[in-house]
Amino acid sequence: MSTHYMSATLSGVSLMAMAGFAIAPATVVGVLLARELRCTQWIISGGWVLTALASGCSILLDSSTPTVAWVFLLFTAGLGHGLLLSSYNVRIQNLPKDEECSPPTLPTTISFYMRAWGMAVAVPVGGVVFLNCFRNGLATADLDRDIINTANGYLILMKDVSMTIEQREAITVVSVAAFQVVWDFITAVAIIGGISSGFLWRKGGM
């Protein structure tokens with residue numbers, strides 16, 4: 001979105017391709033799994049596969065990528081997240097329960113804690129990785145490393161920064177390279193998550 005110099009409004013609308021498509025499968029799968037718990041390991045593993053594939057393919061994105069390609073990737077990523085969200089929730093809620101407590105208190109607490117922790121850490125860590133790569137790329141291209149501050153730190157506002165055509169093209173190249181590093185990192189995390197889902201298949205899952 002930043003390499004296409006989209007406006008903030010259009011960028012927000014574009015993100016609905018991912019967020020909107022994550023809600024539908026999460027709802028449908030959650031209802032289905034309420035009765036067919038044996039399918040959870042299949043859906044969890046499938047969700048990780050979709051997430052890893054979408055993240056891996058995102059490494060190939062650049063300023064020349066057609067709209068249909070990145071929209072399809074957002075749809076795929078949203079589907080993967082939706083499957084993971086609903087299937088993990090249902091599986092945790094149906095773990096063996098203690099006599100004193102109706103829900104599996106410890107697994108549920110850990111799940112919510114890890115999800116909140118992941119959200120809190122992912123954004124700043126991803127931002128640090130990207131901005132460091134971006135600033136280093138600007139220095140390599142002999143551009144002002146503080147140019148990002150002109151846009152208040154938001155790449156979607158770069159279209160409002162006064163630059164020459166050559167500078168804008170150079171910044172686009174640097175931005176693409178920085179995003180590719182971030183997607184490398186995200187893909188690695190998704191692969192680790194997919195490998196971890198293999199433990200669900202021990203002794204038939206449940």
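## Working through a helical model

Cys-57 comes out as partly exposed, at 37% relative accessible area; that label covers values between buried (under 20%) and exposed (over 50%), using a 1.4 Å probe and protein chains only. This is a predicted model, where local features need pLDDT of at least 70 and side-chain atom pairs count only at pLDDT 80 or more, while totals for chains, interfaces and linings use all residues. Residues are numbered from 1 along each chain as its sequence is written, and side-chain values use heavy atoms, with hydrogens and water left out.

**Exercise 1.** Work out how many disulfides a search of the whole structure finds.

*Solution.* Start with the chemistry: a disulfide is a covalent bond between the sulfur atoms of two cysteines. The search criterion is a pair of cysteine sulfur atoms within 2.5 Å. Run over the whole structure, it returns 0 disulfides. As for exposure, Cys-133 has a relative accessible area of 26%, so put it down as partly exposed.

**Exercise 2.** Describe the secondary structure of the protein and how it reads along the sequence.

*Solution.* Count DSSP runs, numbered from the N terminus: helices are H or I with at least four residues, strands are E with at least two. That gives 6 helices and 0 strands. Written out in order, the pattern is α-α-α-α-α-α. Next, check how the chain comes together, with a contact meaning heavy atoms within 4.5 Å. Among contacts between residues at least 6 apart in sequence, 72% join residues at least 24 apart. Burial rounds off the overview: 34% of the 206 residues count as buried.

**Exercise 3.** Find which residues make up the largest nonpolar core, and which helix gives the most to it.

*Solution.* Look for buried Ala, Val, Leu, Ile, Met, Phe, Trp, Tyr and Cys residues joined through side-chain atoms within 4.5 Å. The largest such set has 9 residues: Tyr-5, Phe-130, Phe-134, Leu-138, Leu-143, Ile-171, Val-174, Ala-178 and Val-182. Now sort by helix: α4 and α6 each supply at least two residues of this core, and α6 gives the most, with 4. For a close-up, take Val-182: skipping residues up to four places away in sequence, Val-182 touches Gly-126, Val-129 and Phe-130. Apart from this core lies another one, of 6 residues, including Trp-48, Ala-52, Leu-84 and Leu-200.

**Exercise 4.** Say where Thr-172 lies, whether Thr-172 is buried or exposed, and what Thr-172 contacts.

*Solution.* Thr-172 belongs to helix α6, residues 165–196. Its relative accessible area is 10%, so call Thr-172 buried. Drop the neighbours within four places in sequence, and its contacts are Thr-3, Tyr-5 and Ser-63. Asp-62 makes a nice long-range check: Asp-62 and Thr-172 are 110 residues apart in sequence, but 8.6 Å apart in space, C-alpha to C-alpha.

**Exercise 5.** Do the equivalent for Ser-58: which helix holds Ser-58, and is Ser-58 buried or exposed?

*Solution.* Ser-58 sits in helix α2, residues 40–58. Its relative accessibility is 6%, so Ser-58 is buried. Beyond neighbours within four places in sequence, Ser-58 contacts Leu-73 and Trp-183.
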